[in-house]
Amino acid sequence: MRCLVTGATGYIGGRLAPRLVAAGHEVRCLSRSAARLRDVPWAGEVEIVEGDLSDPSTLPAAFEGVEVAYFLMHSLGKPDFEQRDREAAQNFAAAAERAGVRRIIYLGGPQPPAEGTQSAHLRSRAEVAEILLDSPVPTAVLRAPVIIGSGSASFEMLRYLTERLPVMVTPRWVRNRIQPIAVRDVLRYLIGCMDLPAEVNRGFDIGGPDVLTYLEMMQRYARVEGLPRRRVKPLRPLTPWLSAHWVGLVTPVPNAIARPLVGSLIHEAIAHENDIAEFLPGETLGFDEAVRRALGKIRDAEVETRWSTASGLDPAAEPLPSDPDWSGGTLHVDKRARRVDAPVDALWQVIESIGGDNGWHSLPLAWSLRGAADRLVGGVGLRRGRRDQQRLLVGEALDWWRVEEIRPGELLRLRAEMRVPGRAWLEMRAVPDGPDRSIYLQRAVFLPRGLAGQAYWAAILPFHGLVFGAMVRNIARRAKDLSRGSSELPRDSDGRGRPATPRSPAASGR
C-alpha cells in the first residue's frame with residue numbers, strides 16, 4: 001500500500017517508516033522541513049514531502065494517491081498544544097477525505113476519566129481521536145499507556161528516576177496502576193491496523209501483559225538492572241506540578257515535556273478491553289523483557305530514535321543570518337581559528353563526537369553550571385545528551401543545542417535551544433591544510449532580542465575567551481592525539497581522559 005506517515009521526525013514515526021518500507025509498502029513522509037529527514041538511514045527509500053498540518057493548502061500533494069494515513073503528530077510541550085493538535089487533526093481528516101484515503105491510523109493515549117480532574121494531555125489526545133473517528137474515513141485509534149523502549153520519554157523518566165534515586169520521596173500517583181507496552185508491540189499494532197476490515201472505525205486499548213504501579217515498575221527496573229531495591233515514600237503534598245519540576249530536575253526530560261507526562265500518570269492507565277487481539281493476535285512482550293531489550297539497545301548504541309529529536313522548541317526557526325548580507329539588526333560574532341597538526345578526517349572525528357558524555361572540550365564545570373541555570377528557568381539544560389556517541393544527524397538534539405546543519409568532514413552547525421533573549425548558533429568547521437594538517441574554524445553567533453539580549457551578550461562576553469578559547473585548543477589537541485594514535489576518541493574535555501563509552505546505562509544520554 002501507499003502510506004503517509006506524519007511525525008516521521010518523532011520517536012514513533014521515525015521507527016514506523018523504515019518498518020513499513022521493510023514490509024514492502026510505499027512510504028511518503030510529511031514534514032515541515034525535508035532537511036530534518038535528510039540524514040536518516042532510510043531517507044532514500046521513502047518520498048519526503050514538505051507540508052504543515054496547520055496549513056491545509058500544503059496538504060493535497062502529500063495525500064495524493066495515499067491509501068493509509070498515519071496521524072502521529074502532537075505538540076507536546078507547547079503552551080497551546082490542545083489548539084494546535086485540534087486544528088491539525090481537523091485539517092488531516094479533511095485532506096484524507098478529499099484524497100480518498102481508505103484508512104486513518106492514530107496513536108493516542110489512555111482514555112481520561114469522565115469525571116474528576118483530567119490531564120490536559122490525555123484530554124487532547126481523546127479529542128484528536130474523536131475528530132478522526134467522526135470523519136468519513138474509517139479510523140483505528142490505538143490507546144497506548146506508558147511505552148517502554150530505548151529513547152522514549154516515558155522510559156527515560158523511569159530509568160533516570162530509578163537509577164539516580166535509591167531513596168526517594170514520591171507523589172501518591174506512584175500507586176496508580178499502569179499497563180506498560182513495549183515499543184515493539186506498538187509498532188506491530190500500527191502496521192497491522194492497515195489490514196483491518198473497512199467497517200472497523202473505533203478505538204482499541206493496547207497494553208502489555210503486566211499491570212503494575214509506577215512504584216512496581218521502578219522496583220522491577222532496579223531488579224532487571226541489578227540495582228538494590230529502591231526505598232520509596234509516597235507523599236501527598238507532591239502535586240503533579242511539583243512532581244513535574246522534580247522529574248525535570250532528576251531526569252533529562254525538561255519541565256515542558258515532564259508536565260503532561262506526569263499529568264497523565266495521575267490517572268490509571270490500563271486496558272479495559274483487548275479487542276485488538278481479535279484482529280491482530282499475538283503475544284506481547286512482558287515488562288521485564290521490554291526493559292532488558294531497551295537497555296541492550298542503549299548499551300550497544302543502537303537507539304533508533306529519541307524523544308528529544310521531535311521536541312525542538314521551534315523546528316521552523318530561522319536559519320543562521322548571513323554575515324555579509326545581514327541588515328536586520330545587531331549580530332554578535334565570536335570567531336576563532338587554529339592550525340591543527342592532524343589531517344582533516346581526525347579533526348572531523350573530534351568535532352562530530354562533541355557533546356553528551358563526550359563533553360565540550362572546555363571547562364566542564366562552566367558548562368554544567370550554565371546547563372543547571374537553564375534548567376532552573378524551565379530550559380532543556382545539558383542532560384538531553386546525544387543519541388549516538390559518534391554520529392550526528394540533522395534535526396537531532398545535542399544537549400541544549402539542535403543540529404541545524406551537518407556536512408560530513410566539513411561543517412557542523414548547532415542552534416541553541418536554551419532560554420536566552422535571542423537566537424544563538426555555534427559553528428565548527430574542518431578545513432584541509434595539506435595531507436597531514438588542517439585548520440579548525442569556530443564561530444559563535446548571537447542575534448539579540450531587545451535590550452535584554454544586548455545585556456546578555458555583554459554579560460557573557462568575558463567568559464568567551466575562557467570557554468571558547470579552551471574549546472579551540474582542546475579540540476586541536478584531541479585531533480592531534482587521535483591522528484598519532486595516542487588517544488582514544490572521544491575523551492572528556494577536562495583532561496582526565498574519561499572514556500566516552502558509557503560504563504552504565506545511566507551514562508548514556510547524560
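**Entry 1: aromatic rings**

I began with the rings of this predicted model, and the group I noted at the outset is a single aromatic cluster made up of F63, F71, F92 and Y106. I then searched the whole structure for aromatic pairs, and the search returned eleven. One of them is F204 with F279, an edge-to-face pair whose centres are 5.9 Å apart and whose planes make an angle of 75 degrees. I looked up where the two rings sit in the chain: F204 belongs to strand 11 (residues 202-205) and F279 to helix 10 (residues 276-279), so the pair links distant parts of the chain, 75 residues apart. For burial, I recorded that F204 has a relative accessible area of 0% and is therefore buried, whereas F279, at 28%, is partly exposed.

I next took F446 and W457, which I noted as a stacked pair, with 5.9 Å from centre to centre and 10 degrees between the planes. This pair also links distant parts of the chain, since F446 lies in strand 19 (residues 438-448) and W457 in helix 14 (residues 450-483), eleven residues apart. I checked both for accessibility and found F446 buried at 2% and W457 buried at 8%.

**Entry 2: charges over rings**

I looked for arginines placed over aromatic faces and wrote down R188, which lies over the face of Y189 at 4.7 Å from the ring centre. I also wrote down R370, whose charged end sits over the ring of W400, 5.9 Å from the centre of that ring.

**Entry 3: salt bridges**

My search of the whole structure for salt bridges gave 35. I looked at E273 and R143, where the closest N and O atoms are 3.7 Å apart. In sequence these partners are 130 residues apart, with E273 in the loop between helix 9 (255-265) and helix 10, and R143 in strand 6 (residues 139-143), and I noted that the pair links distant parts of the chain. Both residues also appear in a network of salt bridges that I listed as R143, R202, D205, E273 and D275.

Two further bridges went into the notebook with their accessibility. The side chains of D39 and R38 meet at 3.0 Å, N to O, and here D39 counts as buried at 17% relative accessibility, while R38 is partly exposed at 38%. R429 and E427 form a salt bridge with their closest N and O atoms 3.8 Å apart; R429 is partly exposed, with a relative accessible area of 25%, and E427 counts as buried at 4%.

**Entry 4: one residue and one patch**

I looked up T213, which is found in strand 12 (residues 212-213) and counts as buried at 14% relative accessibility. Leaving aside residues up to four places away in sequence, I found that T213 touches V174, R175, N176 and R177. On the surface I noted a nonpolar patch of about 300 Å², made by L363, F463 and L466, and I placed F463 in helix 14.

**Entry 5: the chain as a whole**

I closed with the totals, counting 14 helices and 19 strands in the chain and finding that buried residues make up 57% of its 510 residues. Of the contacts with a separation of 6 or more, 75% are between residues 24 or more positions apart. The accessible surface comes to about 21400 Å², and I recorded that 52% of this surface belongs to carbon and sulfur atoms.

Conventions. Residues numbered from 1 in each chain as written. Predicted model: local features only at pLDDT ≥ 70, side-chain atom pairs only at ≥ 80, totals over all residues. Heavy atoms only, no water. Phe/Tyr/Trp six-rings, centres within 6.5 Å; stacked < 30°, edge-to-face > 60°. Helix = DSSP H or I, 4+ residues; strand = E, 2+ residues; numbered from the N terminus. Buried < 20%, exposed > 50% of the residue type's maximum accessible area, 1.4 Å probe, protein only. Lys NZ or Arg CZ within 6 Å of the ring centre and 35° of its normal. Contact = heavy atoms within 4.5 Å. Areas by Shrake-Rupley, 256 points an atom, 1.4 Å probe, with all protein chains shown as cover. Patch = residues over 30% accessible without salt bridge, like charges linked within 9 Å, V, L, I, M, F, W, Y side chains within 5 Å. Salt bridge = Lys/Arg side-chain N within 4 Å of Asp/Glu carboxyl O.
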